[in-house]
Amino acid sequence: MDIQIKNRKLVTLVVCLIPLLWLFLDIAFGNLGSNPIQALHIRLGDWSLRFLCITLAVTPIQMMTRWRGMSDYRQMLGLYAFFYATLHLLAYLVVDNNLMWSIIGTDIIESPYIWFGVVAYLIVFALAITSPKWVMKSMGKSWKKLHRLIYVSSIAAIIHYFWQLKGNLAEPLLYSIIIFFLLLFRVLLWKTRHELKEMMIPKGYE
Amino acid sequence: MIKTQKKIPSSEITDFTAFKERRKFIKAMLATAASASIPSAWANNAKPNAWNLAKSDLSNTALTPTPIELVKNYTNYYEFTLNKEDSTKLAQNFITDPWSLEISGEVENPGSYHLEDILRQQTLEERIYRFRCVEGWSMVVPWVGFSLANLLKMAKPLSTAHFVKFTTIQQPETMPSQRNNVMLEWPYVEGLRIDEAMHPLTMLAVGMYGDILPKQNGAPLRLVVPWKYGFKSIKAIVKIELLKYSPLTTWNKAAPTEYGFYANVNPDVSHPRWSQNSERQLGSGFFTSRRQTELFNGYGEQVAELYRDMDLRHFF
Ligand code: HEM
């Protein structure tokens, strides 16, 4: 049983690396088109956002399917969102800008869409470094509060996506809709729980 | 003077095969154009070819042209698609034969002309220009064409002509975005001030890399204004009107806070959502820095005078 769970985790771990492997293959075979640097960078950003969505979807899916095992994977999926965001950031700094800090500095200051990327990243970063079990334990209640910021991060990432767009709005719209429903689910859940709680408190004890 | 034609649908009056021959016609023109050797930088970069084009003093011969495959497969052509790499395939059904150009408005000699007749009057030159897109990328393209001024002079602008309006063809059968009303108001419209239009750097291009223009790059006739962002360089032009007043251009109308009428390349005037300080030059390898964008895309010496005393932040 334990071994089975471990194996499953290992499989998940490897499956989540497929986008990266795929990217390497595309680089090796020159499949990234006329602007490969941008293509590489965009791919990593897209995967980071996808993993953010998948991570957020864990609880709703679990509740709807009553499949309890999924939350074991939430941490790993979240860390993958962080992983791809970090590669996205590194691609920007190193592959695209070759660490030319004067160009990078001006670019960030003058590009409002990047500010939202930075906000999204700082949050994901904070969540990643507080993700180990022992940190979670030592943080107590504040851990949960901090980790709710994943919603802020995903909204910032969506704004970041929309604002850099030059033409096609279809894709970010799709992600916005997904994140909207994931958020809506949480809000509804919170409301029903709240109401249930109120119902359970006997009259006179409010 | 250019031959004026009555406005009979050109398909009725001209032997269709003659149009089919345009490719050959332009090639022949390219071949007989005044001889000068192809810049060595380009010769090394593109497939070798035999044409000798008129050499232009306006060409940036020091620049190495971007590999042609990149230029052919990275085009913003919203009439076909919003995707820069899908336009290559989608544009292939576009009909460029027959093609006529209308010149009208504040001119002494308005008229509608076959492209072939226009080209007979012009000496084709090769000009290597840097092309900078408002999205933050650039490439170096050896265009083939002639100064717009040469054509306008033949039409004889009146003293009331202060602006020039350009219009792209409306061909919804082959242009999906026109058919489905996607994104912008069609047909695409661009404009220049008359002094910008008459500037020798401003050219009408019919070819690039020694061949006729690929469809996705704006065949058969496009504008190239090298000191302005690429969206000013309108493709597949069917109408040039000289006007008293400034025309309302497509992008300016769609997003006036983001895309101005002037759209001069300027590293110090950011787009509201992104910086214009640097650009990715297509063809540069991984781990090479973006290049610093130049004021007027490096053509300041020739064009800064046009904007003397103007606040470039206000007139962006
Ligand atoms: C969690 C953090 C982040 C996420 C989820 C994210 C996601 C994305 C996504 C989805 C795109 C659009 C890709 C597309 O067009 O399909 C994008 C573009 C971009 N991101 Fe991020 N991003 C993050 C952080 C950052 C940071 C920290 C920076 C830089 C400091 C950054 C810089 C950029 C740039 C420059 C682009 C534009 C790419 C281009 O069109 O050339 N991002 N990002």
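**Exercise 1. Find where Pro220(B) sits, and describe the peptide bond before it.**

Step 1. Pro220(B) belongs to the loop that runs between β9 (211–212) and β10 (222–224) of chain B. Keep in mind as you look around that this is a predicted model.

Step 2. The bond joining Ala219(B) and Pro220(B) is a cis peptide bond, with omega about 0 degrees.

Step 3. Another cis peptide bond joins Asp97(B) and Pro98(B), and there omega is about -5 degrees. Pro98(B) is in the loop between α6 (87–90) and β2 (100–105) of chain B.

**Exercise 2. Phe287(B) has a positive phi, and so does Asp309(B). Place each residue and decide whether it is buried, partly exposed or exposed.**

Step 1. Start with Phe287(B), which is not a glycine and yet has a phi of about 65 degrees. Look for Phe287(B) in the loop between β12 and β13 (291–292) of chain B.

Step 2. The relative accessible area of Phe287(B) is 48%. Exposed means over 50% and buried under 20%, so Phe287(B) is partly exposed.

Step 3. For Asp309(B), phi is near 65 degrees. Asp309(B) lies in the segment after α12 (300–303) of chain B. With a relative accessible area of 77%, Asp309(B) is exposed.

**Exercise 3. Work out what surrounds Asn264(B) and Trp227(B).**

Step 1. Asn264(B) is in the loop between α11 (250–254) and β12 (278–281) of chain B. Its relative accessible area is 9%, so Asn264(B) is buried.

Step 2. Leaving aside neighbours within four places in sequence, Asn264(B) is in contact with Trp227(B), Lys228(B), Tyr229(B), Phe296(B) and Tyr307(B). The side chains of Asn264(B) and Trp227(B) are joined by a polar contact of 3.2 Å.

Step 3. Now turn to Trp227(B). With the same neighbours left aside, its contacts include Glu196(B), His199(B), Phe296(B) and Leu306(B).

Step 4. Trp227(B) is also one of the residues that touch the most other members of the largest nonpolar core, which has 84 residues. Strand β5 (residues 137–147) of chain B gives the most to this core, with six residues. Apart from it lies another core, of 42 residues, including Val58(A) and Leu182(A).

**Exercise 4. Check whether the length of helix α10 of chain A agrees with its residue count, then list its buried residues.**

Step 1. Helix α10 (residues 170–200) of chain A has 31 residues, and at 1.5 Å a residue it should span 45 Å. Its end C-alpha atoms are 45 Å apart, so the two values agree.

Step 2. The buried residues of α10(A) are Pro172(A), Tyr175(A), Ile179(A), Leu182(A) and Leu189(A). Their cover includes α3 and α9 of chain A.

**Exercise 5. Describe the shell around the ligand.**

Step 1. Of the 23 residues around the ligand, those that come nearest are Gln38(A), Asp46(A), His88(A), His160(A) and Gln164(A).

Step 2. Sorted by class, the shell has 13 nonpolar, eight polar and two charged residues.

Step 3. A side-chain N or O atom of Gln38(A) is 3.0 Å from an oxygen atom of the ligand. For His88(A), a side-chain N or O atom is 2.8 Å from a nitrogen atom of the ligand. Tyr161(A) has a polar side-chain atom 3.1 Å from a ligand oxygen atom.

Step 4. The elements of chain A that give two or more residues to this shell are α3 (36–65), α4 (71–96), α6 (112–129) and α9 (150–163).

Key. Residues numbered from 1 in each chain as written. Chains lettered and ligands numbered in written order. Predicted model: local features only at pLDDT ≥ 70, side-chain atom pairs only at ≥ 80, totals over all residues. Heavy atoms only, no water. Near = heavy atom within 4 Å. Polar contact = N/O pair within 3.5 Å; in protein donor to acceptor, adjacent residues only side chain to side chain. Helix = DSSP H or I, 4+ residues; strand = E, 2+ residues; numbered from the N terminus. Nonpolar A, V, L, I, M, F, W, Y, C, P; charged D, E, K, R; others polar. Expected span 1.5 Å × (residues − 1). Buried < 20%, exposed > 50% of the residue type's maximum accessible area, 1.4 Å probe, protein only. Contact = heavy atoms within 4.5 Å. Core = buried A, V, L, I, M, F, W, Y, C linked by side-chain atoms within 4.5 Å.
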